[in-house]
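Please work through the exercises below with the sequence and the coordinates at hand. Each task is followed by a solution that goes step by step.

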Amino acid sequence: MFDVITGSIKSAVNKVRFKDDAASLKKATTELRKALLKADVHHKTTKDLIYNVELRTKELGIGQNAFLKALQENLTSILTAEGNQGFVFSNTPPTTILMTGLQGSGKTTTTGKLANYLKQRKKKVLIAACDLQRLAAVEQLKQICAQIEVDLYFDDIEKDPVKIAKAAQEKAKKELYDVLLVDTAGRLAIDTELMNQLGKVKDALNPDEIFYVADSLTGHDATKTASSFKEQIGIDGVILSKFDGDTKGGVAISLAEQVGVPLRFVGTGEKMPDLEVFIPDRIVSRLMGAGDIEGLAEKTSAIIDEKKAKEVTKKIKKGEFNFNDFLEQLKMMSKLGSMKSILGMIPGMSQMAGQLKDMDFENSDEIKRIKALIGSMTPKERNEPSLLNPSRKKRLSKGSGLSEVQVNKILKQFKSASKMAKQLSNKGGMKGLSSMMS
Ligand code: GDP
């Protein structure tokens with residue numbers, strides 16, 4: 001993530017050589033200017049930013065730390081917009097949100113991610129499938145909703161998105177949903193027909209907010225289209241998708257400065273948990289290569305069930321950790337989202353995350369084998385791993401389609417993992433296997 005900007009900031013900082021050395025500050029700002037432009041930051045935003053960083057560095061007394069502090073303060077101030085970050089609930093539920101964006105921007109996926117985010121926070125969410133433009137969109141939502149266990153309102157016969165949206169809102173009111181997310185039609189580019197249709201859905205629903213999903217990878221175009229949407233139908237917040245693939249890192253800065261609408265969330269991967277609240281100083285921290293450990297802690301605490309974690313720790317200590325617990329831990333790991341987005345939040349690891357191809361934890365061969373093996377066990381065997389004698393292992397090999405060597409290897413791995421976890425937990429340095437794994 002953000003290799004371009006993060007790397008260049010480091011090299012700009014190194015240009016500031018001595019205390020009170022104005023010439024080296026000039027060199028540093030020249031380097032920074034080049035970096036910002038290369039990272040797709042708008043030229044006007046770059047000019048203002050450089051001016052302010054230079055001024056503030058001088059105020060603080062020229063030096064590397066002063067330069068870094070000045071940059072951090074100014075970036076944070078650009079990204080901090082008047083208004084709210086994250087999700088705001090209306091006083092009269094259901095909070096109705098129109099999800100808008102161009103085709104391919106990630107609008108439908110983001111609608112699912114937002115529903116998942118709200119569901120994890122114990123909200124009752126209904127999604128309305130009103131993107132009738134892209135035929136696969138309704139089908140995609142059906143799959144997403146089944147996966148995250150959120151209700152979907154759709155109508156395979158009705159052709160008018162306004163009517164579907166209205167009926168969904170009636171249902172959401174009647175059945176006391178907290179939030180209604182309306183997935184609207186996208187187009188490859190902005191056109192009058194799209195805006196007219198969005199306008200009609202907006203008039204019919206009177207939504208609390210309109211979110212615009214902007215694709216980070218489209219660079220300057222993201223800023224241009226967001227501005228058009230703002231002018232033509234009005235938007236209250238931007239969700240920046242595909243942030244994980246953004247090697248440049250300048251789009252957020254340009255969007256915040258040029259469009260004048262608060263950034264609310266960022267999409268950091270293709271999976272449902274890969275959505276984060278946009279918190280300016282944390283994003284700045286990541287842009288500057290310092291990670292976001294607070295964000296990571298928040299992400300884990302929303303997912304890890306403290307009570308269950310304690311139970312597991314107890315079991316580990318007593319040496320009673322079994323295959324059911326193991327499956328539970330695997331399920332929890334997959335809820336954390338993509339490995340790449342997690343790595344990007346760890347200080348010092350963001351550049352490494354950028355170079356990594358994302359690892360699909362859930363669908364890796366190793367995990368598939370483990371699941372196949374556990375799936376072939378009897379409930380008793382899952383609870384008592386010590387029951388697994390050679391003849392049972394033979395049966396498991398047949399049932400799971402794994403060779404006996406593979407079965408033995410997995411069982412050995414499981415045994416040494418529980419042994420190691422036991423040792424660690426007895427040293428008091430661990431809160432369950434979950435914390436060791438994450
Ligand atoms: P829509 O046409 O705007 O509804 O777009 P989709 O929701 O179908 O998304 C288009 C593609 O972008 C899909 O392949 C998504 O998996 C992918 N996508 C969406 N959000 C993200 C994200 O935050 N990160 C990554 N890497 N891919 C994303």
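A residue is called buried here if 20 or more other C-beta atoms lie within 10 Å of its own. The model is a predicted one, and the exercises should be read with that in mind.

**Exercise 1. Enclosure of a strand**

Task: Determine how many residues of β4 are buried, and which of them point each way from the strand.

Solution: Begin with the burial of each residue, applying the cut-off of 20 or more C-beta atoms within 10 Å. Five of the five residues of β4 meet it, so the strand is largely enclosed by the rest of the structure. Next, separate the side chains by direction: Val179, Leu181 and Asp183 point one way, Leu180 and Val182 point the other way, and all are buried. Finally, turn to the strands beside it: β4 runs parallel to β1, to which five bridges join it, and also parallel to β2, again with five bridges. Individual bridge partners include Thr95 with Val179 of β4, Leu126 with Leu180 of β4, and Ala129, which stands opposite Asp183.

**Exercise 2. The order of the sheet**

Task: Establish the order of the strands in the open sheet, and explain why one side of β3 and of β8 is left without a neighbour in the sheet.

Solution: Following the strands across the sheet gives eight of them in the order β3-β2-β4-β1-β5-β6-β7-β8, and the pairing is mixed. The strands at the edges are β3 (151-153) and β8 (275-277), each of which has a single partner strand, so that one side of each lacks a neighbour in the sheet. With direction ignored, neighbouring strands of the sheet are turned by 25 degrees against each other on average.

**Exercise 3. A strand inside the sheet**

Task: Describe the faces of β2 and its connection to β3.

Solution: First count the covered residues, which are five of five in β2. On one side lie Val125, Ile127 and Ala129, on the other Leu126 and Ala128, and each of these residues is buried, so both faces are covered. Then examine the pairing with β3, which is parallel and made of three bridges, with Leu126 standing opposite Asp151. Tracing the chain from β2 through helix α6 (residues 135-148) to β3 yields a right-handed β-α-β unit.

**Exercise 4. Helices on the sheet**

Task: Find which strands α7 lies across and which strands α10 touches.

Solution: Helix α7 (residues 161-174) lies across β1 (95-101), β2 (125-129), β3 and β4 (179-183), and runs at about 165 degrees to β2. For the other helix, consider the strands beneath it: β6 (residues 237-241) and β7 (residues 263-267) pair in the parallel sense over three bridges, and Leu240 has Val266 of β7 as its bridge partner. Helix α10 packs on the sheet with contacts to β5 (209-215), β6 and β7, and its direction makes about 165 degrees with that of β6. Eight of the nine residues of α10 (residues 251-259) are buried, among them Val251, Ile253, Leu255 and Glu257. Just after this helix, Gly260 takes a positive phi of about 70 degrees.

**Exercise 5. Backbone exceptions**

Task: Locate the residues other than glycine with positive phi, Asp40 and Lys242, and the cis peptide bond that joins Pro93 and Pro94.

Solution: Start from the expectation that most residues other than glycine have a negative phi, and that most peptide bonds are trans. Asp40, with a positive phi of about 75 degrees, is found in the loop between α2 (22-38) and α3 (43-60), and counts as buried because 23 other C-beta atoms lie within 10 Å. Lys242, whose phi is near 55 degrees, sits in the loop between β6 and α10, and is likewise buried, with 23 other C-beta atoms within 10 Å. The cis bond between Pro93 and Pro94 has an omega of about 0 degrees, and Pro94 belongs to the loop between α4 (64-79) and β1.

**Exercise 6. The shell around the ligand**

Task: Characterise the residues around the ligand by type and by origin.

Solution: Sorting the shell by type gives one nonpolar, 14 polar and six charged residues. Of the 21 residues, Gly106, Lys107, Thr108, Thr109 and Gly267 come nearest to the ligand. As for origin, helix α5 (residues 107-120) supplies the largest share, four residues.

Notes. Residues numbered from 1 in each chain as written. Predicted model: local features only at pLDDT ≥ 70, side-chain atom pairs only at ≥ 80, totals over all residues. Buried ≥ 20, exposed ≤ 12 C-beta atoms within 10 Å, placed from the backbone. Helix = DSSP H or I, 4+ residues; strand = E, 2+ residues; numbered from the N terminus. Near = placed C-beta within 6 Å. Nonpolar A, V, L, I, M, F, W, Y, C, P; charged D, E, K, R; others polar. Pairing = 2+ DSSP bridges. Axes fitted to C-alpha atoms, helices over the stretch in contact; angles between N-to-C directions. Contact = placed C-beta atoms within 7 Å. Right-handed = clockwise from strand over helix to strand, strands pointing away.
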